[in-house]
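Here is a short reading note to go with the structure shown below. The points are numbered so that each can be checked in the viewer.

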Amino acid sequence: MLKSFDTVEYGLGLMDDFKIKHLPLTEDGLYRCLVSEKELLSLTGSNSTVGEAVVFAPSVTENGHLLEALSLVARYRLSFLPVISQTGEYMGGLTADRLLNALSDTTHAESEGSIVMLEMLPQDYSLSDIARVIESNHAHVLSLLSHMDSITGRLIISIKIDLEDASPVIRSFERFNYTVLFYFMKKGMVDDLLEQRMSELMYYINM
């Protein structure tokens, strides 16, 4: 972390050591602002001091949620996000890599299982219906993520389930007229139609 009397050279050296582009500036243990590499480089001379706090001071509290932290990091393209107490005391910080690891744990990214992606109109989305289809095949939802396709306006649902062979789940989705956009599983067999869709998707990805 930085103090207002620290030099630009010192700040840039810390950023280089820790491979980050942002550092918190504190005063008497309280978080004041987040200083970027770009701001330091704009100051005249390497012996110039960092100076007083500026307005930009993103942070999360020690009891904050992972999604709140991810939102700030993504919105401001941060390499480091300060963590503070309820009274503004600087407690530490989160790097983008640490947040990525936390997201991986939360979404069961490394757990055994399969991934199924569905595409649907927003008004057709029902979490209970999707879970019912999955659970009827003796599987469980480990995580579910969704985002809106900005071009088609359709909702893309990515589901991680605890079956390595998702074939029964995929076929059930097809029977209930869900559009299975993509799937990934280590073993199992699927219908020719789904194989064709996967091949088409990979073709467009590699274009």
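1. Within what distance do the axes of helix 5 and helix 6 come, and at roughly what angle do they cross? In this predicted model, the axes of helix 5 (residues 127-135) and helix 6 (residues 167-175) come within 9 Å. They cross at roughly 135 degrees. Angles over 145 degrees count as roughly antiparallel and 65 to 115 as roughly perpendicular, and helix 5 and helix 6 are therefore oblique to each other. The crossing of the two helices is right-handed.

2. Which residues make this contact? On the side of helix 5 they are Ile130, Val133 and Ile134. Helix 6 contributes Val169, Ser172 and Phe173. Sorted by class, the contact between helix 5 and helix 6 holds 5 nonpolar residues and 1 polar residue, with no charged residues.

3. Val133 is worth a separate look. This residue belongs to helix 5 and has a relative accessible area of 6%. Buried means under 20%, so Val133 is buried. Apart from neighbours within four places in sequence, Val133 touches Val169, Ser172, Phe173, Phe176 and Tyr178. For Phe176, which is 43 residues away along the chain, the C-alpha atom lies 8.6 Å from that of Val133.

4. Next comes the sheet. It is an open sheet of 4 strands in the order 7-8-6-9, with antiparallel pairing. Strand 7 (141-148) and strand 9 (179-184) are the edge strands, and each of them pairs on one side only. On average, neighbouring strands in this sheet are turned by 20 degrees against each other, direction ignored.

5. How many bridges join strand 6 to strand 9? There are 5, and strand 6 (residues 114-120) and strand 9 run antiparallel. One pair to locate is Met117 with its bridge partner Phe182 in strand 9.

6. Both helices of the first point also meet this sheet. Helix 6 packs on the sheet and touches strand 6, strand 8 and strand 9. The direction of helix 6 makes about 170 degrees with that of strand 9. Helix 5 lies across strand 6, strand 7 and strand 8 (155-161), and runs at about 40 degrees to strand 8.

7. Is Ser143 buried or exposed? This residue sits in strand 7, one of the edge strands. Ser143 is nevertheless buried, with a relative accessible area of 11%. Leaving out neighbours within four places in sequence, Ser143 is in contact with Thr107, Ser158, Ile159 and Lys160.

8. Strand 1 and strand 2 should be viewed together. They form a hairpin with 2 residues between them. Strand 1 (residues 22-27) is joined to strand 2 by 6 bridges, and the two run antiparallel. Glu27 stands opposite Leu30 in strand 2. In the turn, Asp28 has a positive phi of about 55 degrees. Of the 7 residues of strand 2 (residues 30-36), 5 are buried, so strand 2 is largely enclosed by the rest of the structure.

9. Some totals complete the note. The protein has 7 helices and 9 strands. Of its 207 residues, 37% count as buried. Among contacts between residues at least 6 apart in sequence, 52% join residues at least 24 apart.

Notes:
Residues are numbered from 1 along each chain as its sequence is written. This is a predicted model: local features need pLDDT of at least 70, side-chain atom pairs count only at pLDDT 80 or more; totals for chains, interfaces and linings use all residues. Side-chain values use heavy atoms; hydrogens and water are left out. Axes are lines fitted to C-alpha atoms, for helices over the stretch in contact, and angles run from 0 to 180 degrees between N-to-C directions. Angles under 35 degrees count as roughly parallel, over 145 as roughly antiparallel, 65 to 115 as roughly perpendicular and the rest as oblique. A crossing is left-handed if the near helix is turned anticlockwise from the far one by less than a right angle, and right-handed if clockwise. Contact means heavy atoms within 4.5 Å. Ala, Val, Leu, Ile, Met, Phe, Trp, Tyr, Cys and Pro count as nonpolar, Asp, Glu, Lys and Arg as charged, and the others, Gly among them, as polar. Two strands pair if DSSP finds at least two bridges between them. Buried means under 20% relative accessible area, exposed over 50%, partly exposed in between (1.4 Å probe, protein chains only).
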